[in-house]
Amino acid sequence: MTQAVDMSKVYNCPHCRDSHWIVTEKPANEATCEGVKVYPDDTYTLTYAQRCPYCEGIERKKALFKECFIPYQYSSGQNKFDWNAYGFEDVSKKRQAVKNFVANFGEVSKNGIGLYLWSETNGTGKTSLACAIGNELLLQSIEVKFLPAVEILNAVESKTIEDYEKCDVLILDDIGKKKTGADFYDETLFKLIEKRYGRKATTIYTSNIPLDRLVVDPAVFTRINSRVVSIRMPELNIRGSEDEAAKEIITRVSGL
């Protein structure tokens with residue numbers, strides 16, 4: 001008995017019609033077990049059901065986006081990185097380097113290569129660009145997590161630090177912002193980077209400090225320096241224009 005299908009309904013997954021299973025049929029004489037035909041003389045059909053690979057992909061992406069901890073303003077659908085915001089600044093090489101990083105991520109990830117996005121000026125788009133890259137990788141079902149460097153100790157207290165150690169890509173935001181000297185902080189930062197280094201896991205760093213002036217444990221510096229492409233962002237605050245636009249709207253709405 002064939003179940004009637006409502007053709008007017010819009011399904012999230014047209015392949016399995018949201019059942020999460022794909023049903024197929026094949027002749028019994030084609031069924032095998034360890035290479036040997038089980039019913040070689042039978043001609044009736046057998047029904048097989050397998051988990052829908054399309055749904056699994058969709059659900060995985062949903063879960064990855066939900067658990068990446070990228071701040072809302074930088075999340076997918078909110079953050080569209082605009083290289084044109086730098087005006088007449090020549091960013092073609094930087095833009096191509098980022099494009100190559102994403103396009104060749106399979107090769108990049110095998111060698112644990114990451115990025116070090118830096119500028120001495122605040123608001124130049126370092127975090128925005130790092131998260132835009134993260135969003136692109138999430139669309140490829142790659143596990144990405146976002147962690148402000150100042151919250152590393154919080155991750156230890158909440159027992160989530162292992163999630164950051166094991167994820168495919170870690171965005172470690174504002175490294176160097178917290179003054180080192182607190183032994184436990186330094187030790188935790190070292191363990192995090194050491195474990196990711198040993199696994200050849202990709203890490204994307206953002207910082208206001210040039211890589212050669214980053215004040216961290218020498219062992220941490222060696223591991224970062226050996227596995228990143230350093231990209232200096234234009235020393236232009238592109239966040240200012242967004243703030244001014246917001247102020248204009250607030251003024252207009254409030255009538256003040």
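These legends walk through several close-up views of a predicted model.

**Figure 1. The whole chain, before zooming in.**
Here's the overview: the protein chain has nine helices and nine strands. Of its 256 residues, 34% are buried. Take the contacts between residues at least 6 apart in sequence, and 75% of them turn out to join residues at least 24 apart. The views below pick out a few spots along this chain.

**Figure 2. Trp-83 and Tyr-86, an aromatic pair.**
A search of the whole structure turns up six aromatic pairs. In one of them, Trp-83 and Tyr-86 sit 6.2 Å apart, centre to centre, and with 50° between the planes the pair is tilted. Are these two residues buried or exposed? Trp-83 has a relative accessible area of 10%, so it is buried. Tyr-86 comes in at 3% relative accessibility, so it counts as buried as well. Phe-81 joins in too: Phe-81, Trp-83 and Tyr-86 make up one aromatic cluster.

**Figure 3. Tyr-116 and Tyr-205, a pair between two strands.**
This is another tilted aromatic pair, with 6.3 Å from centre to centre and 45° between the planes of Tyr-116 and Tyr-205. The pair ties together distant parts of the chain, with Tyr-116 coming from strand β5 (residues 114-118) and Tyr-205 from strand β8 (residues 202-207). How many residues apart are they? Along the chain, Tyr-116 and Tyr-205 are 89 residues apart. Both tyrosines are buried.

**Figure 4. Helix α7 packed against helix α8.**
Two packed helices are described by the angle between their axes and the distance between the axes. For helix α7 (residues 183-199) and helix α8 (residues 218-225), the angle is about 35° and the axes are 10 Å apart. The crossing of α7 past α8 is left-handed. On the α7 side, the residues in contact are Phe-190, Ile-193, Glu-194 and Tyr-197, and they meet Ala-219, Val-220, Arg-223 and Ile-224 of α8. Sorted by class, this contact has six nonpolar residues, two charged ones and no polar ones.

**Figure 5. Two arginines at the ring of Tyr-197.**
Stay with Tyr-197 from the α7 side of that contact and look at its ring. Which residues place a charged end over this ring? Arg-223 is one of them, with its charged end 5.3 Å from the ring centre. The charged end of Arg-227 also sits over the ring of Tyr-197, at 4.0 Å from the centre. Arg-223 therefore turns up twice in these views, in the contact of α8 with α7 and over this tyrosine ring.

**Figure 6. Leu-129 and Asn-135, two buried residues of helix α4.**
Leu-129 lies in helix α4, and Asn-135 is found in helix α4 too, which spans residues 126-138. Leu-129 has a relative accessibility of 2%, so it counts as buried. Setting aside neighbours within four places in sequence, Leu-129 is in contact with Phe-81, Trp-83, Val-98, Leu-117 and Met-233. Phe-81 and Trp-83 are members of the aromatic cluster with Tyr-86. Leu-129 and Val-98 are 31 residues apart in sequence, with their C-alpha atoms 9.1 Å apart in space. Asn-135 counts as buried because its relative accessibility is 6%, under the 20% cut-off. Not counting residues up to four places away in sequence, Asn-135 touches Phe-65, Ile-70, Tyr-74, Ser-75, Ser-76 and Asn-79.

**Figure 7. Phe-69 and Ser-141, two loop residues with positive phi.**
Phe-69 isn't a glycine, yet it has a positive phi of about 65°. Where does Phe-69 lie? It's in the loop between α1 (53-66) and α2 (92-103). Phe-69 has 45% relative accessibility, so it counts as partly exposed. Ser-141, likewise not a glycine, has a positive phi of about 65°. Ser-141 is in the loop between α4 and β6 (144-148).

**Figure 8. Asp-174, in the loop ahead of α7.**
Asp-174 is in the loop between β7 (169-173) and α7. With 22% relative accessibility, Asp-174 counts as partly exposed. Leaving out neighbours within four places in sequence, Asp-174 has contacts with Ala-149, Thr-206 and Asn-208. Asp-174 and Val-150 are 24 residues apart in sequence, and 7.8 Å separates their C-alpha atoms in space.

Conventions. Residues are numbered from 1 along each chain as its sequence is written. This is a predicted model: local features need pLDDT of at least 70, side-chain atom pairs count only at pLDDT 80 or more; totals for chains, interfaces and linings use all residues. Side-chain values use heavy atoms; hydrogens and water are left out. Rings of Phe, Tyr and Trp (its six-membered ring) pair if their centres lie within 6.5 Å; planes under 30 degrees apart count as stacked, over 60 as edge-to-face and the rest as tilted. Buried means under 20% relative accessible area, exposed over 50%, partly exposed in between (1.4 Å probe, protein chains only). Helices (H or I, at least four residues) and strands (E, at least two) are DSSP runs, numbered from the N terminus. A charge sits over a ring if NZ of Lys or CZ of Arg is within 6 Å of the ring centre and within 35 degrees of the ring normal. Axes are lines fitted to C-alpha atoms, for helices over the stretch in contact, and angles run from 0 to 180 degrees between N-to-C directions. A crossing is left-handed if the near helix is turned anticlockwise from the far one by less than a right angle, and right-handed if clockwise. Contact means heavy atoms within 4.5 Å. Ala, Val, Leu, Ile, Met, Phe, Trp, Tyr, Cys and Pro count as nonpolar, Asp, Glu, Lys and Arg as charged, and the others, Gly among them, as polar.
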